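User: I would like a close look at a single part of this model. Please keep it brisk and start simple.

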Amino acid sequence: MSVAGILGQLFALVLALLLAPLLTGWVNQCRAWLQNRSAPPLWQPYYTLHKLFNKDVVLADGASSLFRVAPFVVFGAMALACAIVPSLSTDLPFAPAADALALVGVFGLARLFISLAAMDVGTAFGSLGGRREMLVGFLAEPALLMVIFTVAMIANSTSVAAIVATLAHRDFVIYPSLAFAGVAFTMVSLAENARVPVDNPATHLELTMIHEAMILEYSGRHLALIEWAASLKLYAYSCLGLAFFFPWGIAERDNLLALAAAVPLLILKLAIGGFLLALIETVNAKMRIFRAPEFLGTAFMLAVLGLLVRLLLETRV
Amino acid sequence: MSDVPLSAQLINLCAAAILLLAFAMLAQRRVLQLIDLFALQGFALFLSTLIVAVKTGQTHLYFSAALTLALKVAVLPLILRRLVQRLHVKGEVEPLINIPTTMLVGIMLVVVAFNVALPIAQLSATITRGTLGIALATVMLAFLMMITRKKAITQVVGFLAMENGLFLAATSATYGMPMVVELGIALDVLIGVIILGVFFFQIRDQFDSLDIHHLERLKDH
Amino acid sequence: MDMFVVMLALPLVSGALLTLAGERAWAPNLNILASAGTFLAAVLLTVEIVAFGPRFAFGEQFFIDSLNVFFVALTAFVGFTTSLFSGPYMKNERARGKLSVPRLRLYKSMYQFFMFTMLAALTTNNLGLLWVMMEAATLTTVLLVSLYRTPASLEAAWKYFILCGVGIAQALFGTILLYFAAERVLGETGNALLWTHLVGAKAFLDPTIMSLAFVFLLVGYGTKVGLAPLHNWLPDAHAEGPTPVSAVLSGLLLNVALYALLRCKVLADGALPAGFAGNLMMGFGLFTLLVAAFFLSRQKDIKRMFAYSSIEHMGIITFAFGMGGAIANFAGLLHMTLHSLTKSAIFFAVGHAAQKTGTQRMDDIRGLVKINPLIGWGLMLGTLAILGMPPFGVFASEFMILTHAMQHHPWATPLLLLGLGIAFAAIFGRVQPMVFGETEAKRLPHAPAITPVFVHLALVLMLGLWIPPDLARWFHEAARMLG
């Protein structure tokens with residue numbers, strides 16, 4: 001492990017922490033443009049975070065220590081996820097830990113804590129949101145795993161770094177299975193990040209909200225951490241998607257120059273991805289909560305199909 | 001995988017797209033969108049045929065690609081759309097079985113189809129042998145769609161999607177059937193759809209609906 | 001003049017003419033004349049083939065050998081007699097107000113096109129073209145089945161179209177697989193679907209692909225043959241279409257579909273271990289026979305009942321060809337011929353009977369012998385013939401199939417006998433009161449055409465008593481070809 005490697009890893013982490021709110025802001029701005037609203041400034045998430053960090057925390061009467069610990073666990077998990085997803089380089093100190101299955105586990109940990117915390121206070125909305133979150137997660141996780149298996153079969157490894165290395169640095173080959181996996185992954189990401197067809201981050205309508213229902217009781221720095229964690233989650237998923245499906249441009253060495261070269265490309269890809277996300281959110285209507293299982297079932301099915309296609313079309317006998 | 005020529009990869013991609021669209025059609029509840037998906041599937045079929053034509057240089061494949069484009073992408077969807085408008089088919093197609101269940105059955109069918117096609121794929125000399133399994137799966141999915149839908153018009157779309165699957169098998173897996181045969185098949189399909197169009201009007205006149213549950217009176221007592 | 005070209009061109013041209021010309025006074029005569037000409041050309045073609053052996057036409061796209069020329073002659077003959085029958089029958093339907101003039105025009109042109117597709121399907125050498133013609137035959141008959149435009153006939157036609165469309169799509173997949181297998185042997189020369197080339201290379205076709213291909217072809221063409229469990233379209237289409245259409249569906253279309261299956265079986269037998277294709281066909285045939293027999297006893301509609309009887313006989317024939325070998329194949333071919341002739345004769349008689357009494361419900365048809373002795377006796381004799389009573393020919397062929405089954409597949413014999421027994425009891429019990437019973441029905445405005453009924457029955461009787469040596473030799477040759 002070289003000094004440059006450690007520096008590079010730190011750089012990637014700091015970049016993630018800084019870029020994540022910007023990505024959220026960018027998506028919000030694109031959404032506003034597409035919906036003919038006047039857009040909030042690009043820096044709005046930073047202002048919000050700054051404001052929240054400077055406010056006092058108000059705790060509910062029955063809140064246990066779990067309620068207070070949860071934001072930190074969630075934030076930590078998401079930061080870890082961002083650090084191990086190879087966004088800039090495949091040869092960073094954390095890369096050996098970047099196992100796709102472990103990543104799913106990290107996301108699962110965050111989900112567990114935020115759901116428990118939501119139920120902790122004992123309000124109706126909290127437990128409702130927590131239950132819905134678990135329902136979505138319960139359906140999204142297998143789909144995500146199937147996507148990962150499909151991609152992992154191509155690289156013969158579940159290590160994200162190895163997958164990226166296989167996909168990005170070989171001859172150009174078209175994998176039809178990746179098309180299936182890509183669609184499935186997009187659907188899972190929408191559900192996991194509380195995006196439009198499944199949830200709407202912009203409303204507090206009690207009948208439909210999932211994510212917002214869970215965090216109603218949070219305030220001050222706790223809320224800031226959770227909001228930041230949500231941004232990081234979006235960033236982590238985006239990077240994961242880019243790593244699986246558009247891996248070109250990710251550096252393979254740990255020297256800082258290569259990293260620096262990878263940064264503008266990453267920002268460009270994220271900008272395009274964010275715009276597409278806003279587009280999806282604009283052209284789709286939020287579906288009833290009971291349709292969410294169907295939506296995620298379809299995602300799961302597509303991922304399975306991808307796996308099957310991979311077996312039939314792409315394996316040489 | 002990397003030593004497979006680009007053309008074969010592209011054909012595989014088209015085949016995968018056709019399968020994906022077959023599933024999308026299975027999941028689609030609205031008639032007009034269903035027709036759009038069908039047209040899209042036709043386009044993927046056209047692309048794959050075109051690639052095969054370029055690859056093998058057989059003139060008659062260019063012809064059949066053009067035929068696919070004209071028929072499956074332009075004419076048939078147009079006829080179907082006109083029919084839907086003139087017959088005032090209501091937007092939603094209620095399936096007989098709910099969609100998630102249909103999807104699960106669909107997955108099983110794909111597994112079966114792939115399993116059946118696998119030993120054949122291993123024998124084939126053509127690189128795009130895998131498409132045979134996809135074609136079989138598409139045929140089976142279209143069949144499933146015909147079974148699970150109530151509206152006459154969706155049954156016809158299913159029938160045509162089935163034809164798409166067969167065409168995929170004929171062009172991609174085997175690099176083209178003899179010209180006479182392809183022409184004949186295309187002609188049959190076109191005439192079939194025209195006859196069905198006439199039929200719809202008669203069915204609607206007789207039953208005031210295009211729901212095929214009206215067509216269940218003939219039974220053995 | 002090439003008789004083959006004449007035979008194919010006549011129905012095609014006259015079909016177009018009848019479409020364009022509309023319903024003129026001479027249209028029915030043109031219909032009959034064209035059918036007669038087609039029949040004549042078929043006879044001359046048969047003589048030519050018998051004298052000079054197999055030949056090609058249009059390059060190698062068409063091929064006539066001793067197997068299909070026999071079906072060609074039969075098809076053209078039944079086509080001709082049916083056109084004779086349909087003349088007065090359709091006039092009566094018109095007089096009863098069941099059909100309008102444009103419908104009559106549609107009927108005649110589609111009838112000729114249907115004949116064309118049948119003959120082309122029989123004579124083509126290209127298995128792809130065979131499929132195309134089978135599908136085209138479906139399309140023309142769909143229009144014929146829905147001719148009355150009643151809710152029931154529309155339903156029947158819809159069911160027919162969808163079921164056969166799906167079924168025949170399976171056959172196309174089978175054909176594609178066949179091509180897939182053949183291409184590996186014959187190369188991409190465009191000859192890989194020509195039967196004459198395939199037969200030469202059949203031992204080299206890949207068994208894995210061929211087994212799958214044959215299953216698809218069996219299911220696909222089997223749907224059109226009316227093999228259970230895909231037979232549902234058949235009773236509806238027979239019962240709701242005009243009677244001449246029922247006659248040609250039963251007498252011709254089923255035969256042609258079976259012929260397609262036979263051609264494929266020859267290839268499958270060459271490529272696969274012995275018994276694979278045969279066992280499948282025996283299983284389907286026996287199952288079909290039993291299913292049809294049980295449904296037979298529950299019918300109330302006379303045309304439906306005889307449609308089920310057609311399914312039953314198709315089951316027997318499929319079983320016979322499944323057993324294979326010279327005797328069983330001979331019996332199968334003979335049974336196909338006899339069934340064609342007998343069943344169309346029965347439908348002629350049934351059509352007139354239904355017209356006279358104004359209903360197809362068997363409970364309402366009574367005393368046909370009193371209304372019109374010829375129709376009554378025609379129906380009775382036809383029924384006896386189809387039930388396999390001696391001295392009619394069906395007895396001979398069924399007897400041969402049964403004895404062959406006893407020798408080689410004894411387990412199947414009780415099932416065969418059971419099916420035949422139930423069918424006998426069901427049909428005879430129904431027909432007897434219809435023929436002999438009390439009635440008060442009126443005369444028809446147009447005298448019915450009885451001649452075809454008795455011509456057919458006479459032929460069936462003759463084949464039961466004496467098969468002309470030429471015909472027998474020809475049957476033997478065809479049976480040998482089937483292996």
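What covers the buried residues of α6(A)?

Analyst: A word first: this is a predicted model. The cover of the buried residues of α6(A) includes four other helices of chain A: α4 (100-120), α5 (124-155), α7 (176-192) and α9 (220-245). Helix α6 itself spans residues 160-168 of chain A. The helix is mostly covered, with seven of its nine residues buried. They are A:V160, A:A161, A:I163, A:V164, A:T166, A:L167 and A:A168.

Next, take one residue in chain A. A:M78 sits in helix α3, residues 65-84. Its relative accessibility is 2%, so A:M78 counts as buried, because buried means under 20%. Which residues touch it? Setting aside residues up to four places away in sequence, A:M78 touches A:F107, A:A110, A:A229, A:L232 and A:K233. A:I226 lies 148 residues away from A:M78 along the chain. Yet 9.9 Å separates the C-alpha atoms of the two.

Chain C offers a second buried residue to look at. C:T342 belongs to helix α13 of chain C, residues 326-357. C:T342 has a relative accessible area of 0%, so this residue is buried. Its side chain reaches the backbone oxygen of C:L338 at 2.5 Å. Neighbours within four places in sequence are left aside for the contacts of C:T342. What remains is C:G382, C:A385, C:I386, C:V394, C:L457 and C:V460.

Note on methods
Residues numbered from 1 in each chain as written. Chains lettered and ligands numbered in written order. Predicted model: local features only at pLDDT ≥ 70, side-chain atom pairs only at ≥ 80, totals over all residues. Heavy atoms only, no water. Buried < 20%, exposed > 50% of the residue type's maximum accessible area, 1.4 Å probe, protein only. Helix = DSSP H or I, 4+ residues; strand = E, 2+ residues; numbered from the N terminus. Contact = heavy atoms within 4.5 Å. Polar contact = N/O pair within 3.5 Å; in protein donor to acceptor, adjacent residues only side chain to side chain.
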